[in-house]
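Okay, thanks everyone for coming. Let me put the sequence and the structure up on the screen, and then I'll talk you through it.

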Amino acid sequence: MGAVRMTQRSKWTNPSAKKYLSYKEQIGYLARTHMKEPINGPISVTLGFYYPYPKSWSEKKKKIYRDELPKVKPDIDNAVKGVFDALNKIAWEDDSLVTDLMTFKRYSDEPQIKIRIERLKEL
């Protein structure tokens, strides 16, 4: 899910904002199960966004176009923003500490987000 623009008031009334806040909360909850404390130093992050195949695709078409790359919403930068917002103060002190970022979108039978966070050594 991509980041949603919201005001202080709309986050309680806008359905998209409520869904986005719930999404961030879910990511934060899962991150807490893997992170003992936030990293405070340079970080490398790899984010893989795995989207479901379009419902209109048959099993045959999925096999033929298995390597087709998704050109679907949300834009990848908005998807990254949503994850980064969710991980602030959980995986890292601040997302300004992320110095390396690799991200991609793919289709999958199992829609998910895979996150790899690695502490980098300072020179």
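I'll go from the overall fold to one helix, then to some salt bridges, and finish near the end of the chain.

So, first off, keep in mind that this is a predicted model. The protein has four helices and three strands, and if you walk along the sequence they come in the order α-α-β-α-α-β-β. There are 123 residues, and 32% of them count as buried. Now, take the contacts with a separation of 6 or more: 80% of those are between residues 24 or more positions apart. On the outside, the protein exposes about 8,900 Å², with carbon and sulfur atoms supplying 51% of that.

Okay, let's look at helix α4. That's residues 76-87, so 12 residues, and at 1.5 Å a residue α4 should span 16 Å. The C-alpha atoms at its ends are 17 Å apart, which agrees. Which residues of α4 are buried? They're Ala-79, Val-80, Gly-82, Val-83, Phe-84, Ala-86 and Leu-87. After α4 you get Lys-89, and its phi is positive, near 70°.

Still in α4, there's a salt bridge between Asp-85 and Lys-81, where the closest N and O atoms are 2.9 Å apart. Those two are four residues apart in the helix, so about one helical turn separates them. Asp-85 is partly exposed at 22% relative accessibility, and Lys-81 is partly exposed too, at 41%.

How many salt bridges are there in total? The count comes to seven. One of them pairs Asp-109 with Arg-66, with the closest N and O atoms 3.7 Å apart. Asp-109 sits in the loop between β2 and β3, while Arg-66 is in the loop between α3 and α4, so this pair ties together parts that are 43 residues apart in sequence. Asp-109 is exposed, with a relative accessible area of 51%, whereas Arg-66 is partly exposed at 40%.

Then there's Asp-75 with Lys-73, another salt bridge, and here the closest N and O atoms are 3.6 Å apart. Asp-75 is partly exposed, at 36%, and Lys-73 is exposed, at 65%.

Last stop: Lys-121, in the segment after β3. Is Lys-121 buried or exposed? It's exposed, with a relative accessible area of 81%. Its C-alpha atom is 8.2 Å from that of Gly-41, and those two residues are 80 apart along the chain.

Okay, that's my tour. Questions?

Definitions and conventions
Residues numbered from 1 in each chain as written. Predicted model: local features only at pLDDT ≥ 70, side-chain atom pairs only at ≥ 80, totals over all residues. Heavy atoms only, no water. Buried < 20%, exposed > 50% of the residue type's maximum accessible area, 1.4 Å probe, protein only. Contact = heavy atoms within 4.5 Å. Areas by Shrake-Rupley, 256 points an atom, 1.4 Å probe, with all protein chains shown as cover. Expected span 1.5 Å × (residues − 1). Salt bridge = Lys/Arg side-chain N within 4 Å of Asp/Glu carboxyl O.
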